[in-house]
Amino acid sequence: MIDASGGEPVTIGAQTINGLVDVVDEEILVAQGFAGLVGKSVLVRVKTGAFSSLADGVTVTVRGTPYKARSIQQEGDGALTQVLCALD
Amino acid sequence: MPNTKRDEVTDLIVTLLGTTPPGGVPVAKRGFLFDMSAASVPAITVFPENDDLELRGDGKGAPDITKHRVAIRVEVRAKSDTTHSADQNAELMLNWIEKTLNGRIPTDRTGPFHIMHIDSIEWDYEQMEHGYVLVKNKLIVELQNKYNDPNAWT
C-alpha cells in the first residue's frame, strides 16, 4: 500500500520516498468537562530505516509543506515508523 | 429574582478582564468556548469551579451569615507560532490577569474577606500541528452574604 496508490511522496533531507499521510482533527485540552479545542495533527508513516536522516527536529516535507519531525515512534511489528509533523 | 453574589463576582471578573486589555489579549468570555476551532485561540474564559461554605451565627437557631470561599477558574488557551512557544504566547494574558485581578476588591465593600487573589496556576500542553497550552488560573474570592439570601451582603 505504501508503495502503491495509498502512498504519497515524503521528503526528508535529500531523500523522497513514499509514505502514508494522515491529517486528523482531534479534540484537545478538555477541562472540567467543557469543550476543548479542535487541533489538527499531521501524521506520516514511513518504512522504518528508509530515511537515513530521520530524527527529531529535521524537516519533513509533505504535500508541499515543510514540517518539523516530532515524536518519532515505531509501530506494530516495527516495519513502520510514525512521525508527528509540527509547523512550530 | 436577582442572582447570587457569586454570580455577580464572576461577571465582574469577566468585565474587568474585558475592559481595555492590552494589544494581543483577547476579551474574556464567561463559560466555555463555543467556537472550538484553532482560530478561536488565543482565548480567556471564566467560570465558577468550587464554593466552600461556612455558616456563622450565635449558635441559637438559624445562622446569620453564609461565608463563601469561591474558586473561579480563569482559563487561558494559546498556541505556538514560528517565533514563540505556546506557553510564551500565554504569558501576555497571564500578566494581564494577575495585574487586573490580584488584590482587587470585587465590590464596593471593603475588608479582608472581599479581596481576590490567584491561588494556583497549572499548565497542560498538547503538541499537534501547532503546540497548544491550556493554563488554569485558580482565583479565590472570599465573600459573605446573609444566610438564606445569597444576594444580600452582610
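Biologist: I'd like to learn to read this model. Where in chain B is confidence lowest, and where is it highest?

Modeller: Start there, since this is a predicted model. The score to look at is pLDDT, the predictor's confidence in each residue, on a scale from 0 to 100. In chain B, strand β6 (residues 149-153) has the lowest confidence, with a mean of 76, and α2(B) has the highest, at 96. The average pLDDT of chain B is 87, and 90% of its residues score at least 70.

Biologist: What are the ipTM and pTM of the model?

Modeller: The ipTM is 0.80 and the pTM is 0.84.

Biologist: Next, the make-up of the chains. How many helices and strands does chain B have, and in what order do its elements run?

Modeller: Walk along the chain from its N terminus and note each element as you meet it. Chain B has two helices and six strands, and the order is α-β-β-β-α-β-β-β. Its C-alpha atoms fill a box of roughly 65 × 30 × 25 Å along the principal axes.

Biologist: And what pattern does chain A follow?

Modeller: The pattern of chain A is β-β-β-β-β-β, with zero helices and six strands. Its C-alpha trace spans about 45 × 25 × 20 Å along its principal axes.

Biologist: How are the six strands of chain A arranged in their barrel?

Modeller: Follow the pairing rather than the sequence. The strands of chain A form a closed barrel that runs β1-β2-β3-β6-β5-β4, with antiparallel pairing. On average, neighbouring strands of this sheet are turned by 45 degrees against each other, direction ignored. For one pair to trace on screen, take β2 (residues 15-28) of chain A and β3(A), which run antiparallel and are joined by nine bridges. A:Asp22 has A:Leu43 of β3(A) as its bridge partner.

Biologist: In which sense, parallel or antiparallel, do β1 and β2 of chain B pair?

Modeller: Compare the directions of the two strands. In chain B, β1 (residues 29-30) and β2 (residues 43-56) pair in the parallel sense over two bridges, and B:Arg30 stands opposite B:Val46 of β2(B). Then move on to β3 (residues 65-79) of chain B: β2(B) and β3(B) run antiparallel, joined by 13 bridges. In that pair, B:Thr45 stands opposite B:Glu75. From β3(B) you can step on to β5(B), again antiparallel, with 15 bridges. Here B:Arg69 of β3(B) faces its partner B:Glu142 in β5(B).

Biologist: How do side chains lie along a strand like these?

Modeller: In a regular strand, side chains alternate between the two faces of the sheet.

Biologist: Now the interior. Which residues have the most contacts inside the largest nonpolar core?

Modeller: Look for buried nonpolar residues that are linked to one another. The largest nonpolar core has 32 residues, and B:Ala90 and B:Met93 have the most contacts inside it. In chain B, α1 (5-18), β2, β3, α2 (86-101) and β5 (131-146) each give two or more residues to this core. The largest share, seven residues, comes from β5(B). A second, separate core has 14 residues, among them A:Ile12, A:Leu54, A:Tyr67 and A:Val83.

Biologist: Which residues is B:Met93 in contact with, leaving aside its neighbours within four places in sequence?

Modeller: B:Met93 is in contact with B:Val25, B:Pro42, B:Ile44, B:Val76 and B:Ala78.

Biologist: What percentage of each chain counts as buried?

Modeller: For chain B, 29% of the 154 residues count as buried; for chain A, the figure is 22% of 88 residues. Contacts over long stretches of sequence can be read in a similar way. Of the contacts in chain B with a separation of 6 or more, 55% are between residues 24 or more positions apart. In chain A, the corresponding share is 39%.

Biologist: Last, the contact between the chains. How many residues does each chain bring to it?

Modeller: The size of an interface is often given as the accessible area lost when the parts come together. Here we can count residues: the contact takes 19 from chain A and 23 from chain B. On the chain A side, β3 (37-47), β5 (65-75) and β6 (80-86) each supply at least two residues. β3(A) gives the most, with six residues. By type, the chain A side divides into eleven nonpolar, five polar and three charged residues.

Key: Residues are numbered from 1 along each chain as its sequence is written. Chains are lettered from A and ligands numbered from 1 in the order in which they are written. This is a predicted model: local features need pLDDT of at least 70, side-chain atom pairs count only at pLDDT 80 or more; totals for chains, interfaces and linings use all residues. Helices (H or I, at least four residues) and strands (E, at least two) are DSSP runs, numbered from the N terminus. A residue is buried if 20 or more other C-beta atoms lie within 10 Å of its own, exposed if 12 or fewer, and partly exposed in between; C-beta atoms are placed from the backbone. Two residues are in contact if their C-beta atoms, placed from the backbone, lie within 7 Å. Ala, Val, Leu, Ile, Met, Phe, Trp, Tyr, Cys and Pro count as nonpolar, Asp, Glu, Lys and Arg as charged, and the others, Gly among them, as polar. Two strands pair if DSSP finds at least two bridges between them. Axes are lines fitted to C-alpha atoms, for helices over the stretch in contact, and angles run from 0 to 180 degrees between N-to-C directions. A nonpolar core is a set of buried Ala, Val, Leu, Ile, Met, Phe, Trp, Tyr and Cys residues joined through C-beta atoms within 7 Å.
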